[in-house]
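Dear colleague,

I am handing over the structure below, and after it I set out what was found, in an order that should be easy to follow with the model open beside the text.

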Amino acid sequence: MNTDAVTRRKFLTAAGAAGVAFIAADPALVQAALNHAREAAGLALPPRFESLTPDQAAGLNAVAMRIFPSDGTPGAKEAGVIHFIDKSLATWASGMKEVLLPGLKDLDTRAGGAFAAQTAAKQDELLKAVEQTPFFGTMRFATIVGMFANSSWGGNAGQVGWKLLGFQAHGVFQPPFGYYDAEVAKGG
Amino acid sequence: MQARPMRKYPLSTEVDFVIVGSGAAGGVMAKELSTRGHSVVVLEAGPRLLPSQFKHDEFDYWFQGGIGNPHPVTWRQTEAEEAQAGQGNIFRAMLVGGSSVHFTANFWRLHPIDFRERSMFGAIPGADLVDWPITYEELEPYYTKVDWEVGVSGAPGPFDPPRSRPFPMPPLPVKSSGVLFERGARKLGMHPHPAPMAILSKPHNGRNACQHCGYCMAFGCEYGAKSSSLASVIPVAEATGRCEVRPDSYVSRVVSNPQGRVTGVSYFDKQKREQFQPAKAVVLCANGAETPKLLLMSELANSSGYVGKHLMFNGNTGVSGVFEHPLNEYKSVQVTRIVHDFYDSDPKRGFYGGGGMDGRFQNFPILWGLGGLPQDGPQWGSEYKRLLGEYFNRTMMVAGHTTSLPVAGNSVTLDPKVKDSFGLPALRITYKDHADDIKIMQFMVDRSKDILDAAGAQKTWGNPVGVSGGTAHLLGTCRMGNDPQTSVINIDHRTHDVPNLFICDGSSMVTSGRGQPTMTIVALAFRAGERISALAKAGAI
């Protein structure tokens, strides 16, 4: 477990102070979130938002879509990151609303209208100005988790996040595993 | 694979031994004592999970507590500060099998020098370095027991200490990280060799071999191939019919009588009711943080004032490198090759310390997204997303694992304010690395970068070395020694103060080794179990 410290430290740095609150959730609430996600996954209709209003969802989705744009390969939109965020806010991360909603309001104010209605270039400019805020740190953290966590948490729809990386979560493998060990196995 | 508990003792039964903790040390202790005919109850704070209940779920296991210990930890660097939650953390699993369930399974033996560096180098300013009261030679037979009974795969390296028997299994198949690490290290004149891992490369003792799923670090092995106490020795203990492993039992106090002997332990059961388990003797194997915490709460075995002191973490470093072709490092075990060329402390470097390096998988996807890329590059947006995808399977990490000096001010104490959900004091960590610990970490960062460059990395990056803010290694807090004034336990693992109270876990270690302590903790438990049983049979407890 030696790299735990390294990776955790990296994570703490990367997540920003607000993101840390995501870690400290109650296990019972986590279970509730998982159950909730499973139920939602079983619904034929597109999941409705449990926690966010349509405008709030549109705004946060727009932010997530600039963090992971849909630029030829699937991004936050296709992964359903906003559904991960909504479910998290509805269950184990309800406290994060206090960071996300005022932050979104601030973005709208800076935009002089709905952030979601701005051009991508304008959105990027607005986000650069708030890069160091707890709001952006939390959104970045939530978007990354929504891209790369198991789909049971509500995001990573169709495993598009893992496909982006070329990661397989549930395989058993046999050597050779990669190019360089294959080369050695061939006597190269 | 999974033996259910064969024996249940009524609470009214005074057993020969109650063992607190079922991890790397506690599991072996249970096996050694029960197979020698003693009645044993193991109290484990966490639940009992079947291997099939382990999940491949990074968000749960790395971020939401998963199989971890949920109790609060407060943190500060020096005694002058007020400790705060969230400033740092210690990572330990809380379930039957303890942290041996979720560890990465690097399994290095100590070297003879680890036991006698004080004699070799003399006093080191700002530290409290002492020799162990035992030697490598005394521990060697128990390391060999671990190899065979617990299950270790590997092959001898050029700097390895003598071993009395070969590894029971060959090394796990080399990964691309191992090939590149070896290539770079050899170019630089180093001597890389296969990593000893507590993961089965072949079926052994009725257990499965590794299936190379990749979920080792922070995860439980659903195949039973990782040599946790849960997979290896606990089933043997339970099969004796003399050992009960009691999960969901959180010990709050070791109870003593006016004669200065312990009579058993109080604990909270699953319903948070307080229970008392009487025993003729108590063995604490709760880890290097929980064991001193329990002693401090019980006000026992601390006439030296050394309980909780000299906490050592091991330094750790990471440098990443991206290569031309896919490595697919998420497959199989985390580490396959290591270097021990810098194991010994070398006065020519100008500071105390040594360590090892390994080539390994860097990060699972969420951690990769959060902090995997070079910090000087984009952290969101199209270019960030493109690099995440392009680098993920072409990146590896060289990790460094180094000495921590024993410093009296680095400690585990009871937080005076923060309580856990049972009303018990939170663990308070006070920790600031000795200046030499920082220097050896920087040395390893530089060597790691050299190796990656020599292996042909297109780009390398890493975090700057800083004061430790988290660890899974909890060592030295009830150190072993011959002098009751400067140590907590003797060479039999008996506390100097209480004749029927024993301790064996990371807290027993006198020096930190070079970063992979679990093998030594398990070997100490084999040795301690044998000696404690002999004392019991001689009527000497």
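In this predicted model, strand β12 (residues 335–339) of chain B and strand β13 (residues 355–360) of chain B run antiparallel and are joined by four bridges. If you would like one place to look within this pairing, R337(B) is found opposite G359(B), which belongs to β13(B).

These two strands are part of an open sheet of six strands in chain B, whose order is β6-β12-β13-β14-β11-β17 and whose pairing is antiparallel. At its edges are β6 (193–194) and β17 (459–462) of chain B, each of which pairs on one side only. Helix α11 (residues 435–454) of chain B lies across β11 (315–322), β13, β14 (395–402) and β17 of chain B, and runs at about 20 degrees to β11(B).

Chain B also has an open sheet of four strands, in the order β4-β3-β16-β15, and here the pairing is mixed. The edge strands of this sheet are β4 (84–85) and β15 (411–419) of chain B, each pairing on one side only. Helix α8 (residues 290–298) of chain B packs on this sheet, where it touches β15 and β16 (425–430) of chain B, and its direction makes about 65 degrees with that of β15(B).

Which residue of β4(B) is the bridge partner of W75(B)? The partner is Q84(B), and the strands β3 (residues 73–76) of chain B and β4(B) pair in the antiparallel sense over two bridges.

With best wishes

Technical notes
Residues are numbered from 1 along each chain as its sequence is written. Chains are lettered from A and ligands numbered from 1 in the order in which they are written. This is a predicted model: local features need pLDDT of at least 70, side-chain atom pairs count only at pLDDT 80 or more; totals for chains, interfaces and linings use all residues. Two strands pair if DSSP finds at least two bridges between them. Two residues are in contact if their C-beta atoms, placed from the backbone, lie within 7 Å. Axes are lines fitted to C-alpha atoms, for helices over the stretch in contact, and angles run from 0 to 180 degrees between N-to-C directions.
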